[in-house]
Amino acid sequence: MYYIRVSHYYHSSAEYTLQVIFEEEGDGFEEEPNDELSTLATDISVNTVYTGNQTHSQDIDYYRFSLPKKGKLWVNFSHKKMNDSTSFWKGYLMDDNEGFLAEFTSTGETAKILSDLVRVPKGDYYIRIESDYWSNEDYSFMVNYKPEGAGAETEVNDDYDCATEIPFRKELTGNIQSWEDVDFYKFRLNARSTVRLQFHHKKNDQETSFWTVELHDANSSEPLISTEERTSTYISGTDAEDIPIIWTNIPKGLYYIKVYRDYYSNADYRLFLDR
């Protein structure tokens, strides 16, 4: 049951006309109230378009979804194009601990936008949409989800103790999903060996150094020196798509490949480890 209340500001005896317009909506729309993450979030499915709007300037919309297995996520966000460069919407992809995994901002002129791509384990996740500067226009979004198996890094792998195991002679895909992200991969040698890492990326015309690659053993603090006599290999957009990095005469033991940003790129890279 809903009510309309009409009261006077200054008194007038003039008659007025009132009409309530109702348009029924289906499953592809937010369900208000959904302004509290833990109890009121609207349940959604991945790879499905949903529509919502900011009812008032303080309104926050939360959406909840679950992933059955690890995979990669990114968000498409769109709205009616407006001749206004004001930033109206801010969106966040969040994990179950309310940590921000990716964020995006959309202006009136930016009718369509993509968030950064992130790789996540199975579990519950949330989308948060809030006003930067308020607009009552509808917005639409879709959470894109692609399951991934053993051929992709396992996030979170941003330290030695949670490093993703990298197999020999099998390609592994990863990416740097935020300015703070670091990717660690581990492997073990049972005998003294020469180790060759092939780093593949999609070539572009930017001379900026995006990725830094190092090899660490389990006991020392300094990276190992490659055949290029470098402890760190810097890879830019204009470098060859396949970069070989070789370490010779490595004793048996546990080792870690560390990949981190120089300048940020969200693009995928691929690793191929051989000996």
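**Exercise 1. The second largest pocket**

Task: In this predicted model, find which residues lie nearest the centre of the second largest pocket, and work out which strand gives the most to its lining.

Solution. Begin with the lining itself: the second largest pocket is lined by 20 residues, and those nearest its centre are Phe100, Leu101, Ala102, Gln177 and Ser178. Next, turn to the strands, where S6 (100-107) and S8 (118-120) are each found to supply at least two residues of this lining, and where S6 gives the most, with 4 residues. Then sort the lining by chemical character, which yields 10 nonpolar, 2 polar and 8 charged residues. Finally, note the volume of this pocket, which is about 420 Å³.

**Exercise 2. Val120 and the partners of strand S4**

Task: Decide whether Val120 is buried or exposed, and identify the residue that is its bridge partner.

Solution. First locate the residue: Val120 is found in strand S8. Its relative accessible area is 5%, and because buried means under 20%, Val120 counts as buried. Next follow the pairing, in which strand S4 (residues 71-79) and S8 run antiparallel over 3 bridges, with Gly71 as the bridge partner of Val120. A distance to another valine can be added here, since the C-alpha atoms of Val120 and Val46 are separated by 14 Å, although the two residues are 74 apart along the chain.

Strand S4 has further partners to be traced. With strand S10 (residues 139-147) it forms an antiparallel pair joined by 9 bridges, and within S10 Tyr145 stands opposite Leu73. With strand S7 (residues 112-114), S4 again pairs in the antiparallel sense, over 3 bridges, and there Lys112 stands opposite Ser78.

**Exercise 3. Two open sheets**

Task: Write down the strand order of the open sheet of 4 strands and of the open sheet of 5 strands, and state which strands form the edges of each.

Solution. It helps to recall that strands of a sheet pair through backbone hydrogen bonds, in either the parallel or the antiparallel sense.

Step one concerns the sheet of 4 strands, whose order is S12-S19-S14-S17 and whose pairing is antiparallel. Its edge strands are S12 (172-175) and S17 (242-250), each of which pairs on one side only, and the twist from one strand to the next averages 25°. At the S12 edge, 4 bridges join S12 to strand S19 (residues 268-274) in the antiparallel sense, and Arg270 in S19 is the bridge partner of Thr173. The side chains can be assigned as well: Leu172 and Gly174 point one way from S12, Thr173 and Asn175 point the other way, and all are buried.

Step two concerns the sheet of 5 strands, which has the order S11-S13-S18-S15-S16 and mixed pairing. Here the edges are S11 (164-165) and S16 (233-236), each pairing on one side only. S11 and strand S13 (residues 182-189) are a parallel pair with 2 bridges, in which Thr164 has Tyr185 of S13 as its bridge partner.

**Exercise 4. Backbone exceptions**

Task: Find where the peptide bond from Glu155 to Val156 departs from the trans form by being cis, and name the strand in which Asn249 lies.

Solution. The general expectation is that most residues other than glycine have a negative phi, and that most peptide bonds are trans. Against this, the bond from Glu155 to Val156 is cis, with omega near 5°, and Val156 is found in the loop between S10 and S11. Two residues with positive phi can then be considered in turn. Glu229 has a phi near 60° and sits in the loop between strand S15 (209-217) and S16; because its relative accessibility is 71%, Glu229 counts as exposed. Asn249, with a positive phi of about 55°, lies instead in strand S17.

**Exercise 5. The chain as a whole**

Task: Compare the radius of gyration of the protein chain with that of a compact globule of 275 residues.

Solution. A compact globule of 275 residues would have a value near 19 Å, whereas the protein chain has 25 Å. The extents along the principal axes can be set beside this, as the C-alpha atoms fill a box of roughly 95 × 35 × 30 Å. To complete the description, the protein chain holds 1 helix and 19 strands, and 44% of its 275 residues count as buried.

Definitions and conventions:
Residues are numbered from 1 along each chain as its sequence is written. This is a predicted model: local features need pLDDT of at least 70, side-chain atom pairs count only at pLDDT 80 or more; totals for chains, interfaces and linings use all residues. Side-chain values use heavy atoms; hydrogens and water are left out. On a 1 Å grid over the protein atoms alone, a cavity is a set of points where a 1.4 Å probe fits but cannot get out, and a pocket is an open set with protein on both sides within 12 Å along at least five of seven lines; lining residues have an atom within 4 Å of a point. Grid points are joined across faces, edges and corners, and a volume is the space filled by probe spheres set on the points. Ala, Val, Leu, Ile, Met, Phe, Trp, Tyr, Cys and Pro count as nonpolar, Asp, Glu, Lys and Arg as charged, and the others, Gly among them, as polar. Two strands pair if DSSP finds at least two bridges between them. Axes are lines fitted to C-alpha atoms, for helices over the stretch in contact, and angles run from 0 to 180 degrees between N-to-C directions. The radius of gyration is taken over C-alpha atoms; the globule rule is 2.2 Å times the number of residues to the power 0.38. Buried means under 20% relative accessible area, exposed over 50%, partly exposed in between (1.4 Å probe, protein chains only).
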